[in-house]
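Colleague: I would be grateful for a close look at a single part of this model, namely its nonpolar core. Please describe the core and the elements around it in a form that a first-year student can follow.

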Amino acid sequence: MADPTNHNQAGEIAPSTVDKQAPSVAEEHAPSTDSPEATDLPTANTPDPKAANPEDNPNAAKPAAASPKREKPAAAAATGETAPAAKAAKKEKAPAVEDKPFVEFIEQDYLPALQKAIAQQGVKDLQVSFAKQKLPITGFESAEECWQIIGSWKETGLRQFNLYFPEENIQGKKGFSCNEGKKPSTLESFLIDERKITLDLLVYGLVQRLGGQKWLGIN
């Protein structure tokens, strides 16, 4: 019976088929030496593709194309307003003439507007003054002084009216009196039903009251 182990010669063992195939398998999967292997690491001779100028290096990464339309900021897009429009909306409104200090408003705004309005009604010789004094009304001799607008003209006798501001505030209580050549005896309330007094309303109210007295126009 023959020995199962193959011997070419005495004392020598024949190589196995695994050993015969190993070199060929290794060579089959070994990298080729014909072409260089690509690597991510930059070398002294090869520029970094990310850092290289795309005009000099075609392998460099190209920047993303710029958006053709610039987007609005999120806040502006949400409100539909641009930055200048938002600033304009926040700009404070100019204060109204009625918000001026009381004396300044009367002297600078009310008296000129009142004189113009009464002149347009045909009164040519109106004299208007603004003073703090006692009320020229019978029975009010002991009352405190208060700011008054005093207007007078001599057309058809001496006509005089007084507009009183006891609270030194156009939004506060106001009074009115008028007379023709003698001391007035009645103090009337003036514009007491209006919620907010304006320059135009003060002018209109007094012109209407004088018209009711038949002192204006053809009266």
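**The nonpolar core and the sheet**

Modeller: In this predicted model, the largest nonpolar core comprises 32 residues, and those with the most contacts inside it are I106, Y110, I118, I149, F161, L206 and L210. Two or more residues each come from α4, β2, β3, β4 and α5. Of these elements, α4 gives the most, with eight residues. As a general background, nonpolar side chains in soluble globular proteins tend to be buried together.

L206 offers a useful point of entry. Apart from its neighbours within four places in sequence, L206 is in contact with Y110, L114, F161, L163, F176 and F190. One of these partners, L163 in β3, stands opposite I149. The strands β2 (residues 146–153) and β3 (residues 159–165) pair in the antiparallel sense over seven bridges.

Helix α5 (residues 199–212) packs on the sheet and touches β2, β3, β4 (175–180) and β5, its direction making about 35° with that of β4. Helix α4 (residues 102–119) lies across β1, β2 and β3, and runs at about 150° to β1.

The sheet itself is open and has five strands in the order β1-β2-β3-β4-β5, with antiparallel pairing. Because β1 (127–133) and β5 (188–189) stand at the edges with a single partner strand each, one side of each is left without a neighbour in the sheet. In general, the strands of a sheet pair through backbone hydrogen bonds, either parallel or antiparallel.

Key: Residues are numbered from 1 along each chain as its sequence is written. This is a predicted model: local features need pLDDT of at least 70, side-chain atom pairs count only at pLDDT 80 or more; totals for chains, interfaces and linings use all residues. Side-chain values use heavy atoms; hydrogens and water are left out. Two strands pair if DSSP finds at least two bridges between them. Helices (H or I, at least four residues) and strands (E, at least two) are DSSP runs, numbered from the N terminus. Contact means heavy atoms within 4.5 Å. Axes are lines fitted to C-alpha atoms, for helices over the stretch in contact, and angles run from 0 to 180 degrees between N-to-C directions. A nonpolar core is a set of buried Ala, Val, Leu, Ile, Met, Phe, Trp, Tyr and Cys residues joined through side-chain atoms within 4.5 Å. Buried means under 20% relative accessible area, exposed over 50%, partly exposed in between (1.4 Å probe, protein chains only).
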